[in-house]
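Good morning, and thank you for coming. I would like to guide you through one protein model, moving from its strands to its interior. Please keep the sequence and the picture in view as I speak.

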Amino acid sequence: MAFNTSSWSVKEDVNKAKLKFEIPSFSDVVGNTIKGQMINSKHVDVGGSKFALRIYPNGDQKAAKGMLSAYLLNESNHDVVVDYTISVEGGKEKSAESAKIEKGSGWGWMNFMRASEVGTDLKATVEV
């Protein structure tokens, strides 16, 4: 099932950018997805690398019940070491420093926040 999402990025420097990702009517999305089902943002280019945000509305397979999972994906053809912050408007913010993310994989939090704490629309930002 395809969901109505929007994502855009703002390049702040050669090695710094913000990626914004919105999922409208988030409670409906939670009700129409199963644990382990993901939704990806578009990617953002930062310093020769490509990144995207992956959200699991009902958590990934290992997440606690009712939790949202959030991961930064490395969509580059090489491994990266990166500092980043994922934040959800009106909710949580978590950061990682010098996170080594292998090509084609992600780094983040399986229990990022309770899905029920998200407002009407999920509005997430990743600063890389």
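I shall begin with how the strands pair, and then turn to individual residues and the core.

Please bear in mind throughout that this is a predicted model.

Let us start at the beginning of the chain. Strand β1 covers residues 6–13, and it pairs with β2 in the antiparallel sense over 7 bridges. The connection between β1 and β2 is a hairpin of 2 residues. To locate one bridge on your screen, find S7, whose partner in β2 is F21.

While we are at β2, which spans residues 16–23, please find A17, a member of that strand. Is A17 buried or exposed? Its relative accessible area is 2%, and a residue counts as buried under 20%, so A17 is buried. Leaving aside neighbours within four places in sequence, A17 is in contact with V10, K11, E12, V44, V46, V126, E127 and V128. By way of contrast in position, consider A17 and H78: they lie 61 residues apart along the chain, and their C-alpha atoms are separated by 19 Å.

I now move to β5, which has several pairing partners. Strand β3, residues 39–40, pairs with β5 in the antiparallel sense over 2 bridges, and N40 has R54 as its bridge partner there. Strand β4, residues 44–46, runs antiparallel to β5 and is joined to it by 3 bridges. Within that pairing, D45 has K50 as its partner in β5. Between β4 and β5 there is a hairpin with 2 residues in between, and G47 in its turn has a positive phi of about 50°. On to β6: it runs antiparallel to β5, with 6 bridges joining the two, and A52 stands opposite L73 in β6.

How many of the residues of β5 are buried? The number is 6 of its 8, so this strand is mostly covered.

The loop between β5 and β6 holds N58. The side chain of N58 reaches the backbone oxygen of V30 at 2.8 Å. Not counting residues up to four places away in sequence, N58 touches V30, T33, I34, K35 and M67.

Next come the aromatic rings. The structure holds 3 aromatic pairs. In one of them, the rings of Y56 and Y71 have centres 5.8 Å apart and planes at 85°, so the pair is edge-to-face. Y56 belongs to strand β5 (residues 49–56) and Y71 to strand β6 (residues 67–74), so the pair ties together parts that are 15 residues apart in sequence. Both Y56 and Y71 are buried.

Another pair is formed by Y84 and W109, and this one is tilted, with 5.8 Å from centre to centre and 50° between the planes. Since Y84 lies in strand β7 and W109 in strand β9 (residues 106–114), the pair ties together parts that are 25 residues apart in sequence. Ring pairs also bring in F112, linking Y84, W109 and F112 into a cluster.

Let us stay with Y84. Y84 is buried, with a relative accessible area of 2%. Which residues does Y84 touch, not counting those up to four places away in sequence? They are L72, K94, S95, A96, A99, W107, G108, W109, E127 and V128. One of these, A96, stands opposite Y84 in β8. Strand β8 covers residues 93–101, and 7 bridges join it to β7, the two running antiparallel. Together β7 and β8 form a hairpin with 4 residues between them, and G90 in the turn has a positive phi of about 75°.

Finally, we come to the interior. In soluble globular proteins, nonpolar side chains tend to be buried together. The largest nonpolar core of this model has 33 residues, and L68 and Y84 touch the most other members. Strand β7, residues 80–88, gives the most to this core, with 5 residues.

To close, I would ask you to return to Y84 in the picture. Y84 is buried, pairs with the ring of W109, and is one of the two residues that touch the most other members of the largest nonpolar core. Thank you for your attention.

Definitions and conventions:
Residues numbered from 1 in each chain as written. Predicted model: local features only at pLDDT ≥ 70, side-chain atom pairs only at ≥ 80, totals over all residues. Heavy atoms only, no water. Core = buried A, V, L, I, M, F, W, Y, C linked by side-chain atoms within 4.5 Å. Buried < 20%, exposed > 50% of the residue type's maximum accessible area, 1.4 Å probe, protein only. Contact = heavy atoms within 4.5 Å. Phe/Tyr/Trp six-rings, centres within 6.5 Å; stacked < 30°, edge-to-face > 60°. Polar contact = N/O pair within 3.5 Å; in protein donor to acceptor, adjacent residues only side chain to side chain. Pairing = 2+ DSSP bridges.
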